[in-house]
Amino acid sequence: MTDFFRRHTLIASTLLLTATGFATRLLGFFYRIFLSRTIGAEGLGIFNMVHPVYGICFALCAGSIQTAISRFVAANVRKGKQIFRTGLVISLTLSAGLAALITRFSAPLAHYVLMEDRCASLLPFIAVSVPFSAVHACINGYYYGIKKTRIPAASQIAEQTVRMAAVFLIADILTESGRAVTVELAATGHLIGELAACLFSVLCFCLFTPAEEQHKKQPALFASLKQITLPLMALALPLMGNRLVLNILSAAEAVWIPSRLTAYGLSSQEAISVYGVLTGMAMPAGVK
């Protein structure tokens, strides 16, 4: 059986990522149950109104670039590190700019776009997590390209495990000290999870670099940027557009559902609670 998987790396990688995805979804399901009992349906609703902002940022600066990196590395493994460095510089530059903008304009964004002022305190957590996600995504893209899926799979498990452990610990500390557990707990857990995934990926990248790449002399960073940026972004931009449209629609849904519920007679708190039940409890139990 081991020899079969060694000969058929595509099948082995697919099974590994499928099993990892199932495990993280299962862990996430119990994590949502815990959150629903600690911050309540309304807290889940507020957090899920903010989360599409992260999706838009990830689409702009990480998700599509990750796919482009994996595609280019798979086509030219000899230039793997060079392609990775170029993608990482682009992704970090975009993510740092987006993080600064969201942090600076968190209050207007919450009031005029999300139409919920309580989202303003959560947006900085989301903003700070974006650069960590960018690093994690680029490293994953590199390992997908060289057909080493164990590290991306392990990083998913590490991210979810650390997030859950941190949230459980923080909630326990707050409860024992008699302090209220608020929706900031979910945002803190999101940030800690992304930080953990980033650190885990960087550590693995430093420790488990392929042997053929360890002693290879890399060209200057400026030369890499000049040579690879245009073809890399030519592939990433169409993917970015597709992901961006989907996440904008998701963000619009997060705004419109509570506003329509309010228009038809529910209070703001009731509308957000219903939205929290839908997106934080009902939908994770489905196939989405």
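**Close-up 1. Arg163 and Glu159 sit about one helical turn apart.** Because they are four residues apart in helix α7 (residues 150-176), Arg163 and Glu159 are separated by about one helical turn. In this predicted model, their side chains meet in a salt bridge, at 3.0 Å from N to O. Take a look at the surroundings as well: both Arg163 and Glu159 are buried.

**Close-up 2. Arg163 also pairs with Glu194.** Here the side chains of Glu194 and Arg163 meet in a salt bridge, at 3.9 Å from N to O. This pair links distant parts of the chain, with Glu194 in helix α8 (residues 184-207) and Arg163 in helix α7, 31 residues apart. Are these two partners buried or exposed? Glu194 has 5% relative accessibility and therefore counts as buried. Arg163, at 11% relative accessibility, counts as buried too.

**Close-up 3. Arg118 and Glu42 join a loop to a helix.** The structure holds four salt bridges, and one of them is formed by Arg118 with Glu42, whose closest N and O atoms are 2.5 Å apart. Again the pair links distant parts of the chain: Arg118 belongs to the loop between α5 (106-113) and α6, Glu42 to helix α3 (residues 40-75), and their positions lie 76 residues apart in numbering terms. With 33% relative accessibility, Arg118 counts as partly exposed; Glu42, with 22%, counts as partly exposed as well. Keep Glu116 in the frame, since a network of salt bridges links Glu42, Glu116 and Arg118.

**Close-up 4. Helices α4 and α6 pack with their axes roughly antiparallel.** Two packed helices are described by the angle between their axes and by the distance between those axes. For helix α4 (residues 80-104) and helix α6 (residues 123-145), the axes come within 9 Å and cross at roughly 170 degrees. An angle over 145 degrees counts as roughly antiparallel, so α4 is roughly antiparallel to α6. Residues of α4 that meet α6 include Gly80, Phe84, Leu88, Leu92, Ala96, Ala99 and Ile102. On the α6 side, the contacting residues include Leu123, Ala127, Val130, Pro131, Ala134, Cys138 and Tyr142.

**Close-up 5. Phe22 contributes to a nonpolar surface patch.** Which residues make up this patch of about 340 Å²? They are Phe22, Leu26 and Phe30. Phe22 is found in helix α2 (residues 9-38). Its relative accessibility is 58%, so Phe22 counts as exposed.

Note on methods: Residues numbered from 1 in each chain as written. Predicted model: local features only at pLDDT ≥ 70, side-chain atom pairs only at ≥ 80, totals over all residues. Heavy atoms only, no water. Patch = residues over 30% accessible without salt bridge, like charges linked within 9 Å, V, L, I, M, F, W, Y side chains within 5 Å. Areas by Shrake-Rupley, 256 points an atom, 1.4 Å probe, with all protein chains shown as cover. Helix = DSSP H or I, 4+ residues; strand = E, 2+ residues; numbered from the N terminus. Buried < 20%, exposed > 50% of the residue type's maximum accessible area, 1.4 Å probe, protein only. Axes fitted to C-alpha atoms, helices over the stretch in contact; angles between N-to-C directions. Parallel < 35°, antiparallel > 145°, perpendicular 65-115°, else oblique. Contact = heavy atoms within 4.5 Å.
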